[in-house]
Amino acid sequence: MLRVEGVTVRYGRVPAVSSVDMEIADGEVLALLGPSGCGKSTLLRAVAGLEPADGSISWDGVDLGGVPVHRRGFGLVFQDGQLFPHRTVAGNVAFGLRMAGERRVEGRADELLELVGLKGFGPRRVTELSGGEQQRVALARALAPRPRLLLLDEPLSALDRSLREQLAIDLSRLLRDSGTTALVVTHDHDEAFTLASRVAVMRAGRIVQTGTPEQVWRYPTDEDTARFLGCTTFMDGTALNGTIQTPFGPAPLTAPDGPVRLGLRPTALHAGPGPTPATILTAVHRRDHIRLTVTTSAGQVDAITSITTPPTPGTPTTLSLAPDGLAIITPTPKTPRTHDVL
Ligand SMILES: Nc1ncnc2c1ncn2[C@@H]1O[C@H](COP(=O)(O)OP(=O)(O)OP(=O)(O)O)[C@@H](O)[C@H]1O
């Protein structure tokens, strides 16, 4: 397993990563999720050995401090694949194997190309491939030597949206089927939740929350995290016996009895038959729904409605509550770190 303890990376005097603790168990896929510039890539690069870091990075208890990049046994995939343009597809995959000292190169390269859905592509020139195909080759090249940890830095973000969504699903299956231990850096929460068994949310150089996708999505640790995860409105509610009373009606969600802070994503409120009167202010067409801003007695909020019933700004409507769009802000309990106590 990978263990990162108290890791800090500075560029000049400014820390890009501050006192990060993180673990990745064997077979686990951890997504580092956060906004641009929060330090995700820097942390990944420190784990890879590409960036000098203070603190400790170890694998199965062995400190990697003095171990150079190519001796860590980690595979790397970057946003733009970084393939060798003068080599064929098979040549690119085989390169990774030769670097790792593997002898059975041809067969293994074919095996990997089949795994990433590029069977028969071996003789093709990489310059003749689409962006998605190139990323699959980069993945095959990184996986070929059976790395003990695969490091993926925004592996899909250079691709267009529909391809990205399909490749995220394929990649998720591939990582799970091959039992690969991986660290994936992304700023896209859909991608993080598709790929990862656990998500670590980063902000300003620190990990602010770690949990399963469900935990992070439903119980963000603070309003900034909730906002990053799509919440646009915040309000107070009250939890009692497995139900949360909100200004828009009850939601069957679990929280300790008492006052709760709620984050609402636009999908939490649907314009249509419902108990809450509202007036439509704006309507914008999104992919599979219409996004609204509406006024209610609880203030201005975002909501959605179906594209089959295009609404007119200025008209009255009613809202119903969809609990799936609600987040319950749940501060992570502070656990003292060893060196804080000492
Ligand atoms: N080589 C460098 N020299 C100086 N500062 C750097 C360097 N690389 C990154 N930084 C700074 O460190 C901070 C973290 O950068 P990093 O690339 O790790 O963030 P990120 O979360 O991966 O963002 P993005 O998704 O935009 O790549 C940023 O403020 C960035 O400007």
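Which residue in strand 7 does Val77 stand opposite? Hold on to that one for a moment, everyone, and hello. What we have here is a predicted model, so please keep that in mind as we walk through it.

The answer is Leu152: that is the residue in strand 7 that Val77 stands opposite. Val77 itself belongs to strand 6, and the pairing there is parallel, with 4 bridges between strand 6 and strand 7. Let's look at strand 6 a little longer. Phe74 and Leu76 point one way from the strand, while Gly75 and Val77 point the other way. All of these residues are buried.

Now let's step back to the whole chain. It has 342 residues, and 39% of them are buried. The chain contains 9 helices and 19 strands. If you follow the C-alpha trace along its principal axes, it spans about 70 × 55 × 40 Å. Here is a number about how the chain folds back on itself: take the contacts between residues at least 6 apart in sequence, and 63% of them join residues at least 24 apart.

Next, the sheet that strand 6 sits in. It is an open sheet of 6 strands, and the order is 6-7-8-3-9-10, with mixed pairing. Why do strand 6 and strand 10 each have a side without a neighbour in the sheet? Strand 6, residues 74-77, and strand 10, residues 206-211, stand at the edges with a single partner strand each, so one side of each is left free of a neighbour there. From one strand to the next, the twist averages 20°. Further in, strand 3 and strand 8 run parallel, joined by 5 bridges. Strand 3 covers residues 29-33 and strand 8 covers residues 182-186. If you'd like one pair to find on the screen, Val29 has Ala182 as its bridge partner in strand 8. As a general reminder, strands of a sheet pair through backbone hydrogen bonds, and they can do that in a parallel or an antiparallel way.

There is also an open sheet of 5 strands, and its order is 13-12-11-14-19. The pairing in this one is antiparallel. Its edges are strand 13, residues 249-251, and strand 19, residues 326-328; each has a single partner strand, so one side of each lacks a neighbour in the sheet. The twist here averages 40° from one strand to the next. Strand 14, residues 258-264, runs antiparallel to strand 19, with 3 bridges joining them. One pair to look for is Leu264 and its bridge partner in strand 19, Leu326.

On to some helices. Which residues of helix 3 are buried? In this helix, residues 105-115, they are Arg108, Ala109, Leu112 and Leu113. Looking down the helix axis, these buried residues fall within an arc of 135°, so they line one face of helix 3. The face turned away from that buried side carries the exposed residues Glu106 and Gly107. And what do the buried residues pack against? Helix 2, residues 89-99, and helix 4, residues 131-143. After helix 3 comes Gly117, with a positive phi near 80°.

Helix 2 tells a related story. Its buried residues are Val89, Ala90, Asn92, Val93, Ala94, Gly96 and Leu97. The elements covering them include helix 3 and helix 4. A glycine follows this helix too: Gly101, whose phi is positive, near 75°.

Let me point out one loop residue, Leu159. You'll find Leu159 between strand 7, residues 149-153, and helix 5, residues 161-177. Is Leu159 buried or partly exposed? It is partly exposed, because it has 19 other C-beta atoms within 10 Å, and a buried residue would need 20 or more. Beyond its neighbours within four places in sequence, Leu159 is in contact with Gly131, Gly132, Gln135, Arg164 and Leu167. Leu159 and Asp80 are 79 residues apart along the chain, yet their C-alpha atoms are separated by 9.2 Å.

Last stop: the ligand. The residues surrounding the ligand are Tyr11, Ala16, Gly34, Ser36, Gly37, Cys38, Gly39, Lys40, Ser41, Thr42 and His187. By type, this shell divides into 3 nonpolar, 7 polar and 1 charged. Which helix gives the most to the shell? That would be helix 1, residues 40-48, which supplies 3 residues.

That's the tour. Thanks for listening!

Conventions
Residues are numbered from 1 along each chain as its sequence is written. This is a predicted model: local features need pLDDT of at least 70, side-chain atom pairs count only at pLDDT 80 or more; totals for chains, interfaces and linings use all residues. Two strands pair if DSSP finds at least two bridges between them. Helices (H or I, at least four residues) and strands (E, at least two) are DSSP runs, numbered from the N terminus. Axes are lines fitted to C-alpha atoms, for helices over the stretch in contact, and angles run from 0 to 180 degrees between N-to-C directions. A residue is buried if 20 or more other C-beta atoms lie within 10 Å of its own, exposed if 12 or fewer, and partly exposed in between; C-beta atoms are placed from the backbone. Two residues are in contact if their C-beta atoms, placed from the backbone, lie within 7 Å. The arc is that of the directions from the helix axis to the C-beta atoms. A residue is near a molecule or strand if its C-beta atom, placed from the backbone, lies within 6 Å of it. Ala, Val, Leu, Ile, Met, Phe, Trp, Tyr, Cys and Pro count as nonpolar, Asp, Glu, Lys and Arg as charged, and the others, Gly among them, as polar.
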